[in-house]
Amino acid sequence: TTLDPRDRGFLARVQHPAPDGASICQHGRFGEDGTMQGFLELLDVPYVGSGVLASALAMDKVMSKRVFAQEGLLSPEYVHLRAGQPWSVEEITAALGPKTVTKPASEGSSVGMAIVHTPGELAAGIERAFACDNNVIVERFEPGVEVTVGVLGNDDPVALPTLEIVPEHEFYDYESKYLPGMSRHIIPARVSDEVGAECERLAIAAHLALGCEGMSRADTIVTPDGTVYLLEVNTIPGMTATSLLPDAARAAGIEFPELCSRLVALALEAWARRCRV
């Protein structure tokens, strides 16, 4: 059964009859940030994926970076900007270098994100991000191979095979994520075994540090010297025909129906613990 929060009568349909469980398929704000998770908890409906706190932490790139730093997980250097507060192109460039990445702090699907190639482009990139959020991240650009790692599990999570993303555009933007043919997925990623193991270690460590449950997907960058940087964690990875998590699961021998069944089982396990049943 598909329920759309935009539809009139959505609340009544969720309550009568109450479903045995829900799989949240909303990305970004109000779906991935703990809002829908809290809504379902108030209605006593089990749901697939992380709880309120982990969802909120992972969605907020500033807070998640603070957690990563506390746990010793390497992530690109950044500057946090707030709407209405002054910032300087010169100061940001001095701190991060001439090439940077600008992004809203709490958005999904690469909405509002831009790669800034020169300081002259920085102001436009920041304003684009501020159009989506009152908090913006400017991150040092780390060149390299983008490797994503899916994670399944609650207390004892396991990593799926590494997946290298080769987008048709300069980076893995909205079109690359959702339009067929706009990106290639290479499994396993074309990195050394040692580097691949580090990508997996970071993904599991981030999953546990944020308190994720059920599933997550960690995005990393592998630089030419083999350094692995953790970019962010997605608590509701895409589950479409072009999505990364199902591809990685399939490479591990987990077909889509089995993946869905596992996620439901993990959701019920987490729900029983959350409710102390």
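Biologist: What makes Cys260 partly exposed?

Modeller: Cys260 has a relative accessible area of 30%. Buried means under 20% relative accessible area, exposed means over 50%, and partly exposed is in between, with a 1.4 Å probe and protein chains only. So at 30% Cys260 counts as partly exposed. Bear in mind that this is a predicted model, where local features need pLDDT of at least 70 and side-chain atom pairs count only at pLDDT 80 or more, while totals for chains, interfaces and linings use all residues. Residues are numbered from 1 along each chain as its sequence is written, and side-chain values use heavy atoms, leaving out hydrogens and water.

Biologist: And how do you know that Cys260 is in no disulfide?

Modeller: A disulfide here is a pair of cysteine sulfur atoms within 2.5 Å. For Cys260, the nearest cysteine sulfur is that of Cys25, 8.8 Å away, so the pair fails that cut-off. Searching the whole structure turns up 0 disulfides.

Biologist: Why is Cys212 not bonded to Cys25 either?

Modeller: Because their sulfurs are 17 Å apart, too far for a bond, and Cys25 holds the closest cysteine sulfur to that of Cys212. Cys212 is also buried, with a relative accessible area of 3%.

Biologist: Why is Val101 called buried?

Modeller: Its relative accessibility is 8%, and that is under the 20% limit, so Val101 counts as buried. Val101 sits in strand E2, residues 100-104; strands (E, at least two residues) and helices (H or I, at least four) are DSSP runs, numbered from the N terminus.

Biologist: What is Val101 in contact with, leaving aside its neighbours within four places in sequence?

Modeller: Contact means heavy atoms within 4.5 Å. On that basis the partners of Val101 are Met113, Ala114, Ile115, Ile137, Val138, Glu139 and Phe141.

Biologist: What makes a set of residues a nonpolar core?

Modeller: They must be buried Ala, Val, Leu, Ile, Met, Phe, Trp, Tyr or Cys residues, joined through side-chain atoms within 4.5 Å. The largest such core here has 21 residues, and Phe68, Cys199, Leu210, Leu230 and Val233 have the most contacts inside it. Helix H8 (193-210) is one of the elements that supply at least two residues of this core. In fact H8 gives the largest share, 6 residues. There is also a second, separate core of 14 residues, including Val48 and Ile254.

Biologist: Which residues does Phe68 touch beyond its neighbours within four places in sequence?

Modeller: Phe68 is in contact with Leu73, Ser75, Ala206, Leu210, Leu230, Leu231 and Val233.
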